Amino acid sequence: MARIIDVIDHVNVMDDELTYREPQAGGGDWRMGSQVIVQESQAAVFVRQGEVLDALGPGNHTLSTANLPILSGLIGMVTGGRNPFTADLYFVNQKDLPQVPWGTNPPIVMETPGKGMGVVLLVTHGVMDIGIDDPVRFVRQYAIGKPILRIPDIKDRLQSMLLGEITTLIGSAGVTSVPEANQLLNDLEGALMARLNEKFGALGMRFKAIEMKPFTAKEATLDELRNYMSMEAYERVRRLDIAQAAAQNTGAGGALAGAGVGLGVGQSIGATLNPEQAALQQQLQQQQMMMQQMMMQMMQQNVQQAAAPQNATPQTREQIQAILDNLDMRFANGEISEEVYKSLVAKWQARLNG
């Protein structure tokens, strides 16, 4: 025989809880005269066979045809007025739910025509204050069939609405840089309040407040940006990327030359992607060329200074071998560069072999 629920309440409400079904397994047996205790900031909604029926506000309720007009009418039609009856009861938490975190996942795509790669992925995060205003509508939208419903269960839906509105507002404002986007933060929060109140209301919810941290640009790879860029821009950046990687390979041209070429190509890429910095890059390139010239001059002086005393003494094989040994020592002590060492060793080794 089914156990009749005589008295029911739900007091242990979790911080992020939205609805809680009694009984948890569903299909509770009730009777007219059962007691339902509804806490402050709470509502109780009866559901039978997937249909939302009557709702009770805060207080102690004795079930009757007066406070359950829809359900009692339905029971009369289906059971011929028999008592008890079967239904689910959903307790709805109507407290404010503050500090609900949200974030830009996925990031917001901002187009930047003529700048960089043409797009920037904006990221930010913050908190919002929300709650349930219309228990019947909310239960019909989300709660039916679920023993318990918490914020994480519908967070994707709420965040999707939020990010959609932010993207629309950013796009309509015509901003093309991160600083410009951050200048709109206060206006964005105000505009979001107006837009999202209506959308949340359609779900039976309220949107009370939002806080946003400043936007930043996500450090994205070229592959991550590919879906947001034009094919022309993607191919252009990819070719330049390959050229830069090749220039940074110091194996073929030597460390000094490789560094110079790499810098030149890097500056070319920067100038292409960001024309505003072209003048500064050109200045850096000129400074780099001057440094290369100075290093070459210093290297030549080292060769001459190292070679001078040796030219005066090479007479016998023992003397040449002593010079070679001395070169090993000077190189090991860091007195001469590798280039000078190799040059002199080759010279005296050839003479020793001859």
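**Exercise 1. Find what share of the contacts with a separation of 6 or more links residues 24 or more positions apart.**

Solution. Start with the contacts in the protein that have a separation of 6 or more; residues 24 or more positions apart account for 70% of them. Keep in mind that you are working with a predicted model. Next, set the overall picture beside this value: the protein has 354 residues, and 37% of them are buried. Its accessible surface comes to about 19,600 Å², with 52% belonging to carbon and sulfur atoms. The secondary structure adds up to eleven helices and 15 strands.

**Exercise 2. Place Leu-97 in its strand and list its contacts beyond four places in sequence.**

Solution. First, locate the residue: Leu-97 belongs to strand E9, which covers residues 97–103. Then check its exposure. The relative accessible area of Leu-97 is 4%, and buried means under 20%, so Leu-97 is buried. Now look for partners, leaving aside neighbours within four places in sequence: Leu-97 is in contact with Asp-15, Leu-18, Met-128, Asp-129, Ile-130 and Ile-151. One of these, Leu-18, is 79 residues away along the chain, yet the C-alpha atoms of the two leucines are separated by 9.3 Å.

**Exercise 3. Describe the largest nonpolar core and name the members that touch the most others.**

Solution. Begin with the count, which is 45 residues. The members touching the most other members are Met-128, Ile-130, Leu-158, Ile-166, Met-212 and Phe-215. Helix H3 supplies the largest share of this core, with nine residues. Take Leu-158 as a worked case: beyond four places in sequence, Leu-158 is in contact with Met-128, Ile-130, Phe-200, Leu-203 and Met-205. Finally, there is a second, separate core of 18 residues, and Ile-5, Val-38, Leu-53 and Ala-87 are among them.

**Exercise 4. Work out which side chains make polar contacts with Glu-165, and whether Glu-165 is buried or exposed.**

Solution. Glu-165 sits in helix H3, residues 151–173. Its relative accessibility is 7%, so Glu-165 counts as buried. For the polar contacts, take the two partners in turn. The side chain of Arg-195 meets that of Glu-165 at 2.9 Å, and the side chain of Lys-199 also makes a polar contact of 2.9 Å with Glu-165. To complete the surroundings, set aside residues up to four places away in sequence; Glu-165 then touches Leu-192, Arg-195, Leu-196 and Lys-199.

**Exercise 5. Give the strand order of the open three-stranded sheet and identify its edges.**

Solution. The order is E1-E4-E7, and the pairing is mixed. Strand E1 (7–8) and strand E7 (59–62) each have a single partner strand, so both stand at the edges, with one side lacking a neighbour in the sheet. Now zoom in on one pairing: strand E4 (residues 35–38) and E7 run in the antiparallel sense over four bridges. Within it, Val-38 stands opposite Gly-59 in E7. You have met Val-38 already, since the second core includes it.

**Exercise 6. Classify the ring pair of Phe-138 and Tyr-142.**

Solution. The protein has three aromatic pairs. In this one, the ring centres are 5.5 Å apart and the planes stand at 45 degrees, so the pair is tilted. Both residues lie in helix H2 (residues 135–143), four residues apart, which is about one turn of the helix. As a last step, check exposure: Phe-138 is buried at a relative accessible area of 0%, and Tyr-142, at 15% relative accessibility, counts as buried.

Methods. Residues numbered from 1 in each chain as written. Predicted model: local features only at pLDDT ≥ 70, side-chain atom pairs only at ≥ 80, totals over all residues. Heavy atoms only, no water. Phe/Tyr/Trp six-rings, centres within 6.5 Å; stacked < 30°, edge-to-face > 60°. Helix = DSSP H or I, 4+ residues; strand = E, 2+ residues; numbered from the N terminus. Buried < 20%, exposed > 50% of the residue type's maximum accessible area, 1.4 Å probe, protein only. Pairing = 2+ DSSP bridges. Contact = heavy atoms within 4.5 Å. Areas by Shrake-Rupley, 256 points an atom, 1.4 Å probe, with all protein chains shown as cover. Polar contact = N/O pair within 3.5 Å; in protein donor to acceptor, adjacent residues only side chain to side chain. Core = buried A, V, L, I, M, F, W, Y, C linked by side-chain atoms within 4.5 Å.
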